[in-house]
Amino acid sequence: MKKSYYQKMAVLGTLLLILLGFQKYTEKSDEPFPEVTFISESLPVESLSEFDPNDLDENQWRKLGFSEKQTATILKYKKIVGGKFISKEQFKKCYAISEDKFNQLETFLLLPENNADAKGNTGFKTYEKKTLNITRKFNPDHLSQKDWENMGFSDKQAAAILKYKSYLGGSFLSKEKFKECFIINEENYAKLEPYLILPTNTPANFNAYAGKSRSLKSMSPQTSFDPNSLDIKGWMNLGFSEKQANVIVNYRDRNLKGSFKTLDDIKNCFVISAEKFEELKPFIKFNTATMTKSSDDRKTEFKQEKTDFSKVDMNSISFKQLLEFGLDERSAGSMIGFRKKLGGFMTKDQILETYNIDKELVQKLLSTAPLDNSKVERHTLVDAPEEWLKNHPYFKYSADKIIYYRVSNTDDKKIWKLLKTKPEYEARMRLYLK
């Protein structure tokens, strides 16, 4: 009896071990593929310049804000497609590059738009690599575009290096910071490093975004000046960036019809801080000849009223009005262009997402101007026109799937489940849905 009992227990124990082993095996086999996440930190757009993604090594991809795994995936994908990206269309298909990241980099990619252009060789210029020619020690802060080109960099690479220096505040500061320029790979840095006349380490209190403010403080006027006679270069000599100088000149010439009349006119210019105004104030001397016109001129001058931006809808504001507020032509054009592609803005946050805009200045505009989205075109996923889906920035990458799924599904909820889009993409798309 006991023998039979032990035999049964042994059989049950064996079965239990088999079941446990099978469960463990199935758990491993069903283990999901790890979700790809994208790091939020990336190189600021203002420090980027045009580049050929085929020239970038692992370290340079990391400098662009990609994680180690994403970088490995991009380089592996490049091998799979033949060792070279031939178009932006092909580059975008790499699953390690998110839609947002591609949108950030797209305008800087030295690649044809699509595979057809690449195969047809429609004038796309390729850049052949050169060996660096370094003959002596040098301070990279003192090199011009031509100097970098003579050293062996292409014109685009040289422009990118100078743009990065400008982003840092006009100086590379240290070898450490110089090395972080994404256009300079490890191989080239190793060749350049022994010749660089720069400190090894970056000052502990360095802040890249404070570079411009440092230059503003250090460039105080030494003699009196007439603000109505200064051109862009003149304002830059007073410590303003080129963009700020453009805003000041546009503000004076367009908003104030060619001249500052009072100190308050200067103080009210958006890009001149209260601190900077107090610094300039003792040196400002108005020349009446630049401020006044003859009585005959004033009679014939068409009187143009200033825009009350508190009453101007951001979905109807014109290019001219944006310039009047102080934006440069590039910022104004980008905002109008993005609004046109969207069919209108639904939120003010969308406006701040526009590329190539002066966000600080636009933020001031948004704090004043209202946004009316009641007239913006909206649809459901089921009835949205195909052309609208394929052209709308938020829908075009999912347009084909939506058109396919709605053939057999007439409910938006079912289509959303089938799309399986990222939450942040779905949130943007829902802004334009009924």
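In the predicted model, G258 is placed in the loop that links α13 to α14 (263–267). With a relative accessibility of 32%, G258 counts as partly exposed, because that class covers values between the 20% limit for buried residues and the 50% limit for exposed ones. When neighbours within four places in sequence are set aside, the contacts of G258 are with N228, R252 and D253. One of these partners, N228, is 30 residues away from G258 along the chain, and the two C-alpha atoms are separated by 7.6 Å.

A second glycine, G239, occupies the loop between α12 (232–237) and α13. The relative accessible area of G239 is 4%, and G239 is therefore buried, since the limit for that class is under 20%. In sequence, G239 and K276 are 37 residues apart, whereas in space the C-alpha to C-alpha distance between them is 9.4 Å.

Two further loop positions were examined. T107 belongs to the loop between α5 and α6 (115–120) and counts as exposed because its relative accessibility is 55%. T107 and K88 are 19 residues apart along the chain, with 9.7 Å between their C-alpha atoms. K420 is found in the loop between α24 (412–419) and α25. At 72% relative accessibility, K420 also counts as exposed, the cut-off being over 50%. The backbone of K420 has a phi near 50 degrees, a positive value in a residue that is not glycine. Most residues other than glycine have a negative phi.

As a whole, the protein chain contains 25 helices and zero strands. Of its 434 residues, 41% count as buried. Among the contacts in the chain with a separation of 6 or more, 60% are accounted for by residues 24 or more positions apart.

The interior includes a largest nonpolar core of 58 residues, in which W235 and F395 have the most contacts inside the core. The largest share of this core, five residues, is contributed by α13. Not counting residues up to four places away in sequence, W235 touches F225, P227, L230, F240, A245, I248, V249, R252 and F260. R252 thus appears among the contacts of W235 and also among those of G258. Another core, of 40 residues, lies apart from the largest one and includes L56, L64, F85 and A158.

Helix α21 (residues 359–366) has L361, V362, L365 and L366 as its buried residues. These residues lie on the same side of α21, because they cover an arc of only 140 degrees around the axis. The cover over the buried residues of α21 includes α13 (242–255), α18 (319–325), α19 (329–342) and α20 (348–352). Helix α13 accordingly takes part in covering α21, and it also supplies five residues to the largest nonpolar core.

Open space in the model was also examined. Rolling a probe the size of a water molecule over the atoms shows where empty space is left. The second largest pocket holds about 640 Å³ of space. Its lining consists of 21 residues, and those nearest the centre of the pocket are E99, Y397, S398, K401 and Y425. Two or more residues of this lining are given by each of α5 (99–105) and α25 (423–430). The largest share, three residues, comes from α25. By class, ten of the lining residues are nonpolar, three are polar and eight are charged. Helix α5, which contributes to this lining, is followed by the loop that holds T107, and α25, which gives the lining its largest share, is preceded by the loop that holds K420.

Notes
Residues are numbered from 1 along each chain as its sequence is written. This is a predicted model: local features need pLDDT of at least 70, side-chain atom pairs count only at pLDDT 80 or more; totals for chains, interfaces and linings use all residues. Side-chain values use heavy atoms; hydrogens and water are left out. On a 1 Å grid over the protein atoms alone, a cavity is a set of points where a 1.4 Å probe fits but cannot get out, and a pocket is an open set with protein on both sides within 12 Å along at least five of seven lines; lining residues have an atom within 4 Å of a point. Grid points are joined across faces, edges and corners, and a volume is the space filled by probe spheres set on the points. Helices (H or I, at least four residues) and strands (E, at least two) are DSSP runs, numbered from the N terminus. Ala, Val, Leu, Ile, Met, Phe, Trp, Tyr, Cys and Pro count as nonpolar, Asp, Glu, Lys and Arg as charged, and the others, Gly among them, as polar. Buried means under 20% relative accessible area, exposed over 50%, partly exposed in between (1.4 Å probe, protein chains only). The arc is that of the directions from the helix axis to the C-beta atoms. Contact means heavy atoms within 4.5 Å. A nonpolar core is a set of buried Ala, Val, Leu, Ile, Met, Phe, Trp, Tyr and Cys residues joined through side-chain atoms within 4.5 Å.
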